[in-house]
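Please open the structure in your viewer and keep the selection tool at hand, as this tour moves from one selection to the next.

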Amino acid sequence: MGYQCVQCSFPIKSLYVQYSPGNIRLMKCEKCKAVADEYIECEIMILMIDLMLHKQKAYRHLLYNVLNQQTLKFEGLHWKLAIIYFIFDACIHLYVEARNSSSLVSTCCKVFMYVVFGNFMFLLTFFIMFKIFLNASINISRFNDLLLTIMISCYFKIFLIAMMVWEFPNSVIFIIELFCLSSNAVALNVMTESSMGRCVWACFGAYAVKLFVTQVLDLRFLEQLIKGWIQMSSSS
């Protein structure tokens, strides 16, 4: 991914010219004649607020002008983001299972299944939906870009930290997942420049399959657990 104007997504060669340390001049877009990326001189809090408001120019700044293949080692970044993503996803299910007063072993097994199989089906469905709804081919470079986009745009999961400190109803998890879905759709729209409706359907399909798989795994695990208890009681 190369640099882009955050206003009109027109490709640009550089974001600014540096004359001396601390003395820079922001470049203007050749197409829209506006400043290509005003977020360079903004505080990080302004960027975070615009990301929460789902402003497309904030996503362009983050995905194209900050997380740029020319300046970052993408292989290490993918691994770090994947670990963070799986940890937050595991925290969601661990928080829910802890309220069900399950045993430690059964809770760990269920959380492991949710995280592994649930996210596997989520990513698989996402890429299938991407190909169907957006009529786009997927190569290695495209795959890496999409994977990075998904993990970055799930930043709303960071609010789960508050659930580890204060008591919240399970409906808060649904709200966070809903925000992640909408954030994924906006990020996908910025990356592919497809219609927002197609991007929403692609993301919604992936989340629906993930929810279905986790529910099926939950019922299957409960069934096996009940059978194990019956066999233990009958043998004794």
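## A tour by selection

Begin by selecting residues 172-192, and keep in mind that the model is predicted: this span is 100% helix and 0% strand, with its end C-alpha atoms 30 Å apart. Next select residues 77-96, where the chain is again 100% helix and 0% strand, and where the end C-alpha atoms are 29 Å apart. Both spans appear in the UniProt annotation "transmembrane region", taken from an unreviewed entry, which also covers residues 111-134 and 146-166.

Now turn to the surface and select Ile44, Met45, Ile49 and Leu53, which together make a nonpolar patch of about 430 Å². Within this selection, pick out isoleucine 49, which lies in helix H1, residues 44-52. Is isoleucine 49 buried or exposed? With a relative accessibility of 42%, isoleucine 49 counts as partly exposed, because that class lies between the buried limit of under 20% and the exposed limit of over 50%.

For the interior, select Leu51, Tyr59, Phe126, Leu146, Ile152 and Leu188, the residues with the most contacts inside the largest nonpolar core, which has 48 residues. At least two residues of this core are supplied by each of H1, H2 (56-66), H3 (74-99), H4 (104-133), H5 (140-152), H7 (171-192) and H8 (196-235). The largest share, 10 residues, comes from H7.

Finally, colour domain 1 (1-73) and domain 2 (75-235) separately: both give residues to this core, and the core therefore lies between them.

Technical notes:
Residues are numbered from 1 along each chain as its sequence is written. This is a predicted model: local features need pLDDT of at least 70, side-chain atom pairs count only at pLDDT 80 or more; totals for chains, interfaces and linings use all residues. Side-chain values use heavy atoms; hydrogens and water are left out. UniProt positions are given in the numbering used here, feature names are shortened, and annotations may be inferred rather than shown by experiment. Helices (H or I, at least four residues) and strands (E, at least two) are DSSP runs, numbered from the N terminus. Patches are made of residues with over 30% relative accessible area and no salt bridge: like charges are joined within 9 Å, nonpolar side chains (Val, Leu, Ile, Met, Phe, Trp, Tyr) within 5 Å. Accessible areas come from the Shrake-Rupley method with a 1.4 Å probe; for residues, only the protein chains shown count as cover. A salt bridge is a side-chain nitrogen of Lys or Arg within 4 Å of a carboxyl oxygen of Asp or Glu. Buried means under 20% relative accessible area, exposed over 50%, partly exposed in between (1.4 Å probe, protein chains only). A nonpolar core is a set of buried Ala, Val, Leu, Ile, Met, Phe, Trp, Tyr and Cys residues joined through side-chain atoms within 4.5 Å. Domain bounds come from an automatic or database domain assignment.
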